Every structure is written in structure tokens, then in C-alpha cells.
Amino acid sequence: MSSSRKTDKTKKEQRKHAYICAPYAGDVEKNKKVAIDFGKMSHEKGFLPIIPHLLFPYLDDVTDREEAMSMCLEVVERCDALFVLADVITSGMKMEIELAKKEGMPIFQFYRLGESVFAEDRLIQ
């Protein structure tokens with residue numbers, strides 16, 4: 001990015017990156033929509049949401065699972081917070097949560113109350 005395109009925001013003013021940790025496998029299209037809604041909620045809380053469900057559409061969840069998880073974990077490491085949709089915790093989500101804990105990242109836990117409504121339960125870390 002050229003310096004003329006950079007914003008004048010200082011690091012402190014920039015939004016923190018929130019990794020959206022939510023189920024993917026199963027009903028993939030429904031889970032993508034839920035992740036997008038969850039990302040929107042994190043944006044409304046002042047974060048810049050990183051939604052892994054949308055990052056790697058060229059990877060197959062079955063045949064490329066190991067590579068997909070490796071890439072997701074790299075993204076987690078670059079984020080400032082983890083937003084966990086804790087209705088169901090999958091094996092992939094457990095890996096993301098454990099990495100965030102190891103990194104000392106704040107982890108926020110939410111539950112669905114309705115179609116696009118989320119309730120914050122607690123700060124895990």
C-alpha cells in the first residue's frame with residue numbers, strides 16, 4: 001500500500017481484529033450466514049471482524065481440512081481477540097480457542113438468542 005493510501009489513524013485508533021470462531025462444517029451455507037451475522041455484531045462493538053468461513057472458499061472442508069485449519073490458526077495468531085459462538089464447540093473451534101489462550105488473547109463467549117441476536121456470556125480470558 002502506498003503511503004498516500006495509508007490512513008492517518010495511529011495504531012491506538014485502529015480497530016482491533018476479532019477472529020470469528022464459529023462452526024463451519026455441517027450446514028455450511030447456514031453456518032456462513034451465522035458467522036456473517038456474528039461478524040456484523042463484532043463490528044458493531046468496534047472490532048474489525050475476520051471471518052474464516054469466507055477466507056478460503058477454494059479449500060474443501062473434507063479433503064483440505066488440515067490445510068484449512070493450519071491457515072485458520074495462522075490467522076488467529078494475527079488477531080487481537082477471539083469471538084466465540086459457544087452454542088456448539090467443534091474440534092476446529094477448540095484448536096482456535098486453545099491457541100488464543102496460549103497467546104493470552106481476550107476471548108469473548110457469546111450464545112445465539114435468535115436469528116441474528118447474540119448474547120455475551122462472559123470474557124473467558
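In this predicted model, the buried residues of helix H3 are covered by elements that include strand S1, helix H2, strand S3 and strand S4 (107–112). The buried positions of H3 are Gly92, Met93, Glu96, Ile97, Leu99 and Ala100. Viewed along the helix axis, these buried residues fall within an arc of 160 degrees and therefore line one face of H3. The length of the helix agrees with expectation: at 1.5 Å a residue, its 13 residues should span 18 Å, and the end C-alpha atoms are 19 Å apart. Just after H3, Gly104 adopts a positive phi of about 75 degrees.

The largest nonpolar core comprises 20 residues, of which Tyr19, Cys21, Val76, Leu82 and Val84 touch the most other members. At least two residues of this core come from each of S1 (17–21), H2 (65–77), S3 (81–85) and H3 (91–103). The greatest contribution is that of H2, with 5 residues. A second core, separate from this one, has 15 residues, among them Ala81, Phe83, Leu85 and Phe110.

With neighbours within four places in sequence left aside, the contacts of Leu82 include Tyr19, Cys21 and Val76. Leu82 is also in contact with Glu96, Ile97 and Ala100, and with Met105, Pro106, Ile107 and Phe108.

Helix H1 (residues 28–44) has 17 residues, for which a span of 24 Å is expected at 1.5 Å a residue; the end C-alpha atoms are 24 Å apart, in agreement. Its buried residues are Asn31, Lys32, Val34, Ala35, Asp37, Phe38, Gly39, Met41 and Ser42. Gly46, just after H1, has a positive phi of about 100 degrees.

Key: Residues are numbered from 1 along each chain as its sequence is written. This is a predicted model: local features need pLDDT of at least 70, side-chain atom pairs count only at pLDDT 80 or more; totals for chains, interfaces and linings use all residues. Side-chain values use heavy atoms; hydrogens and water are left out. Helices (H or I, at least four residues) and strands (E, at least two) are DSSP runs, numbered from the N terminus. The expected span of a helix is 1.5 Å times one less than its number of residues. Buried means under 20% relative accessible area, exposed over 50%, partly exposed in between (1.4 Å probe, protein chains only). A nonpolar core is a set of buried Ala, Val, Leu, Ile, Met, Phe, Trp, Tyr and Cys residues joined through side-chain atoms within 4.5 Å. Contact means heavy atoms within 4.5 Å. The arc is that of the directions from the helix axis to the C-beta atoms.
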